[in-house]
Amino acid sequence: MTETPPPRRARAEIDLGALRANVRTLRARVAPHVRVMAVVKADAYGHGAVRCARAALEAGADWLGTATPHEALALRAAGITDVPVMCWLWTPGDPWDQGIEAGLDMSVSGMWALEEVVEAAGRTGRTARIQLKADTGLGRNGCQPADWPRLVGEALTAEKNGLVKVTGLWSHFACADEPHHPSIAAQLDVFRSMLDHAEKAGVEPEVRHIANSPATLTLPEAHFDLVRPGIAMYGVSPSPELGTSAELGLKPVMSLKGSVALVKQVPGGHGVSYGHHYVTEGETTLGLVPLGYADGVPRHASGRGPVLVDGKVRTVAGRVAMDQFVVDLGGDTPEPGAEAVLFGSGERGEPTAEDWAVAADTIAYEIVTRIGARVPRVYLGE
């Protein structure tokens, strides 16, 4: 059988062996009784939800987590049917019926959601698995403490009627990626108080959880029954303050690569790309890399993004365009087709997603997640 050659223009290599190793590392950071939810929302942060979900489960993850119900239903449709899947970002009119029939754990943050899921349970004739989300201080989704008693009470009434089963109580940190931020302890206090109220009222949850990636790595007091690593599973540090990927024992899973499409010599004083924000100082060679912001390369990294070409780290020269950008090769003349590595593990001297985050004044989460569908994913270690 002839192997399919890798895509030449661009490709994102996804190292599933690295992902499995990261899950095992995270698994080892929590107590044996604490379960691990592998978060595969946003197409597994751009890495490919189904393949990454399967690899994470192979490495010891117990649950899967997504943001939208459609993401969760896609996992079920792909044949991942024997593990709990939780989804938390619901809007009025979303497919509650399908979620119930698929056995999803569905997050409820307010009365409108509880009312819709109860109605759907009545229609389907099946008990809905729901998790009540508490807003302990993040100020996004979740039920405020003042409204919590009513939500808990109404959920328990629905549970007594056989319409729902409250399987979890949960929340989310605002600043767990900032060590010693005062909001961390404050949110934990609020969470414990809201847990206490719900459990005294009669809720018997299967899981209680609040820990995201940074809390999984640094806050054992926040682990409760389950942790929800997301970005750490893909080998990206949640924040520079916590350490690099290597310092945290994680290996980046995605490498973004392209092929140099053109190498040409230009004179000094030559403008490069839109707006001529870069002008060559002297005679030099330019290399064209056929990746642009349509592929997810951030335009904000124009003039700053690092790229490994021909054994040297170069810098994006001028503006990142929709489909391409240029690097100044300084007189070097690699052959067209030479590999250009935008980011990877860093083990071969290539830049990392964190380096691109600095160049674009953003976070590494965005760098990997924004890599678009036009870039083929090539899976290693399946």
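**S107 and its surroundings in a predicted model**

Visitor: Which side chain makes a polar contact with the side chain of S107?
Guide: This is a predicted model. The contact joins two side chains, at 3.1 Å. The partner of S107 is W170.

Visitor: Which residues does S107 touch, not counting residues up to four places away in sequence?
Guide: W170, the polar partner, is on the list. Tryptophans W88, W90 and W96 are there too. The full set is M86, C87, W88, W90, W96, Q131, K133 and W170.

Visitor: Is S107 buried or exposed?
Guide: The cut-off for buried is under 20% relative accessible area. S107 has 3% relative accessibility, so the residue counts as buried.

Visitor: In which strand is S107 found?
Guide: The protein has 11 helices and 19 strands. S107 falls within residues 105-108. That strand is β5.

Visitor: What percentage of the residues in the protein is buried?
Guide: S107 is one buried residue. The protein has 382 residues. The buried share is 53%.

Visitor: Among contacts between residues at least 6 apart in sequence, what share joins residues at least 24 apart?
Guide: A contact here needs heavy atoms within 4.5 Å. Pairs at least 6 apart in sequence form the base. The share joining residues at least 24 apart is 66%.

Visitor: How far apart are the mean positions of the positive and negative charges?
Guide: The C-alpha trace spans about 80 × 50 × 40 Å along its principal axes. The protein has 36 positive and 46 negative charges. Their mean positions are apart by 2 Å.

Notes: Residues numbered from 1 in each chain as written. Predicted model: local features only at pLDDT ≥ 70, side-chain atom pairs only at ≥ 80, totals over all residues. Heavy atoms only, no water. Helix = DSSP H or I, 4+ residues; strand = E, 2+ residues; numbered from the N terminus. Buried < 20%, exposed > 50% of the residue type's maximum accessible area, 1.4 Å probe, protein only. Lys, Arg positive; Asp, Glu negative; His and termini not counted. Charge placed at Lys NZ, Arg CZ, Asp CG, Glu CD. Polar contact = N/O pair within 3.5 Å; in protein donor to acceptor, adjacent residues only side chain to side chain.
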